Amino acid sequence: MKSRMKYIDVTEPGPPENLKVAEGPVPEIGSEEVLLRVHATALNRADTYQRQGQYPPPEGASEILGLEAAGTIEAVGSAVSSWERGAEVMALLSGGGYAEYVAVDAGLLMPKPEGLSFAEAAAIPEVFLTAYQALYWLASLEEAQHVLIHAGASGVGTAATQLVTQAGAVPHVTASAGKHTLCLQLGAETAIDYEKEDFSERIRQVTNDRGADIIVDFVGASYAEKNSRALALDGTWVVLALMGGATVEQFPLGRLFRKRGTIVTSTLRSRSISYKRALVQDFIDTHLQFFDDGRLAPVIDNIMNFSDVQAAHERMEANKNAGKIVLTLQ
Ligand SMILES: NC(=O)c1ccc[n+]([C@@H]2O[C@H](COP(=O)([O-])OP(=O)(O)OC[C@H]3O[C@@H](n4cnc5c(N)ncnc54)[C@H](OP(=O)(O)O)[C@@H]3O)[C@@H](O)[C@H]2O)c1
């Protein structure tokens, strides 16, 4: 086995130009880990924040960027009995995906769906598990509910729309106008151009004034007032990111209170290994099979070469992607 590998280095916190292909040691694995030979990894918005020095990896995680990957198992730790060398898998990572090899906890692996390429599989773990956690673990999604998904064409948004559709519930999304066709194809009943329309008014209109039972929010402060209007009685508003700011000057607590609304926040990356293992297992048990019959599918914006990582980050930061940007290594 090789002792050195290529990886993407952040030479210093800053713009995409600071991403460089570098060489370093292949990671050592612990007894409960496997060594994954990475065929493909995918970008997540968090990678751009980490590159800028704004989102350090949790303690113990690899300093290398990359929250998900697909590839083949090269070696297994002494306590791992559930996986064998050569298995084709996809993995949820706390870091390390932008590399030829990554050490992964064996409980955070999922078998690669047979009909999918490694590039397609690499686009699944982080966004589908984030969306699944938000909808089912944090918000108890039920059939026939109305779900408002912001950034509907983001990686997480495209996964959430499909999961809501699968559940027999009704997804409504906000997205910039050029991305609406994709959102509607994925099952969104309503696509709202948030630059031109007040999404809270439109949601009340299309739900006969009921509002959204669940809001999946990546925007935060700039949407808080409208989210409080869009929320249904007993609704749950799940905050997963703060792309539109963190401080709400006048928080509409009274409106939330009158609706018996719940606000819940979460970051998946910093969760404990045991939490993530349970989430992965739950997703395998309940949803993984849907990638075999096409009821769920990764939404790919672009497949690029590992060495084109700078252009990949630029594309994401310019909000040009609809779905996932994948980097291939093999
Ligand atoms: N909490 C967690 O556990 C967790 C896990 C994974 C991801 N996330 C978060 O989920 C979000 C989506 O991640 P991703 O990797 O799927 O993102 P992505 O593919 O980069 O998509 C993000 C999209 O959000 C829209 N957007 C950007 N800034 C906005 C703003 N200020 N107001 C409204 N819309 C804005 C843009 O689409 P339009 O062109 O439609 O505006 C952009 O393309 C990110 O914020 C990420 O940090 C959270």
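These legends walk through a predicted model, from the whole chain to single residues.

**Figure 1. The whole chain, with its 10 helices and 15 strands.**
Let us start with the overall picture. The radius of gyration is 20 Å, close to the 20 Å that the globule rule gives for 330 residues, so the chain is as compact as a globular protein of that length. Along the principal axes, the C-alpha atoms fill a box of roughly 60 × 40 × 35 Å. Of the 330 residues, 49% count as buried. Contacts often link distant parts of the sequence: among those between residues at least 6 apart, 67% join residues at least 24 apart.

**Figure 2. Where domain 1 touches domain 2.**
Domain 1 is made of two stretches, 4-124 and 269-328, while domain 2 runs over 128-265. Their C-alpha centres lie 27 Å apart. The contact between them takes 14 residues from domain 1 and 13 residues from domain 2. Which helix gives the most to the side of domain 1 that touches domain 2? Look for helix H9 (residues 273-286), which contributes three residues. By class, this side of domain 1 has nine nonpolar, three polar and two charged residues.

**Figure 3. The shell around the ligand, with 26 residues.**
The closest residues to the ligand are Ala-151, Ser-154, Gly-155, Ser-176 and Ala-241. Three elements each give two or more residues to this shell: helix H1 (45-51), helix H3 (125-138) and helix H4 (155-166). The largest share, three residues, comes from H3. Both domains take part, as the shell draws at least three residues from each of domain 1 and domain 2. Sorted by class, the shell has 13 nonpolar, 10 polar and three charged residues.

**Figure 4. Helix H3, a mostly covered helix, and the residue Ser-140 just after it.**
Here we stay with the helix that gives the ligand shell its largest share. How many of the 14 residues of H3 are buried? The count is 11, and the buried residues include Pro-125, Glu-126, Val-127 and Phe-128. Further along H3, Tyr-132, Gln-133, Ala-134 and Leu-135 are also among the buried residues. Just after the helix, Ser-140 sits in the loop between H3 and S8. Ser-140 is exposed, because only 11 other C-beta atoms lie within 10 Å, and 12 or fewer is the cut-off. Its phi is near 50°, a positive value in a residue other than glycine.

**Figure 5. Helix H6 (residues 199-206) and its buried residues.**
In this helix, Phe-199, Ser-200 and Ile-203 are buried. Why do these residues lie on the same side of H6? They cover an arc of only 100° around the axis, which puts them on one and the same side. This fits a broader pattern: an α-helix has 3.6 residues a turn, so residues three or four places apart point the same way. The cover over the buried residues of H6 includes strand S8 (146-149), strand S9 (170-175), strand S10 (190-193), strand S11 (212-217) and helix H7 (224-230).

**Figure 6. Asn-208, in the loop between H6 and S11.**
Asn-208 follows H6 and has a positive phi. The value is near 50°, in a residue other than glycine. Is Asn-208 buried or exposed? Asn-208 is exposed, with 8 other C-beta atoms within 10 Å.

**Figure 7. Leu-186, in the loop between helix H5 (180-185) and S10.**
This loop residue counts as buried, with 23 C-beta neighbours inside 10 Å. What does Leu-186 touch, not counting residues up to four places away in sequence? Its contacts are Thr-158, Thr-161, Gln-162 and Val-299. For a sense of distance, Leu-186 and Ile-214 are 28 residues apart in sequence and 18 Å apart in space, C-alpha to C-alpha.

**Figure 8. Pro-111, in strand S7 (residues 109-111).**
Our last stop is a strand residue. Pro-111 is partly exposed, with 13 other C-beta atoms within 10 Å. Ala-87 is 24 residues away from Pro-111 along the chain, and their C-alpha atoms are separated by 7.8 Å.

Note on methods:
Residues numbered from 1 in each chain as written. Predicted model: local features only at pLDDT ≥ 70, side-chain atom pairs only at ≥ 80, totals over all residues. Buried ≥ 20, exposed ≤ 12 C-beta atoms within 10 Å, placed from the backbone. Helix = DSSP H or I, 4+ residues; strand = E, 2+ residues; numbered from the N terminus. Arc of directions from axis to C-beta. Contact = placed C-beta atoms within 7 Å. Domains from an automatic or database assignment. Nonpolar A, V, L, I, M, F, W, Y, C, P; charged D, E, K, R; others polar. Near = placed C-beta within 6 Å. Rg over C-alpha atoms; globule rule 2.2 N^0.38 Å.
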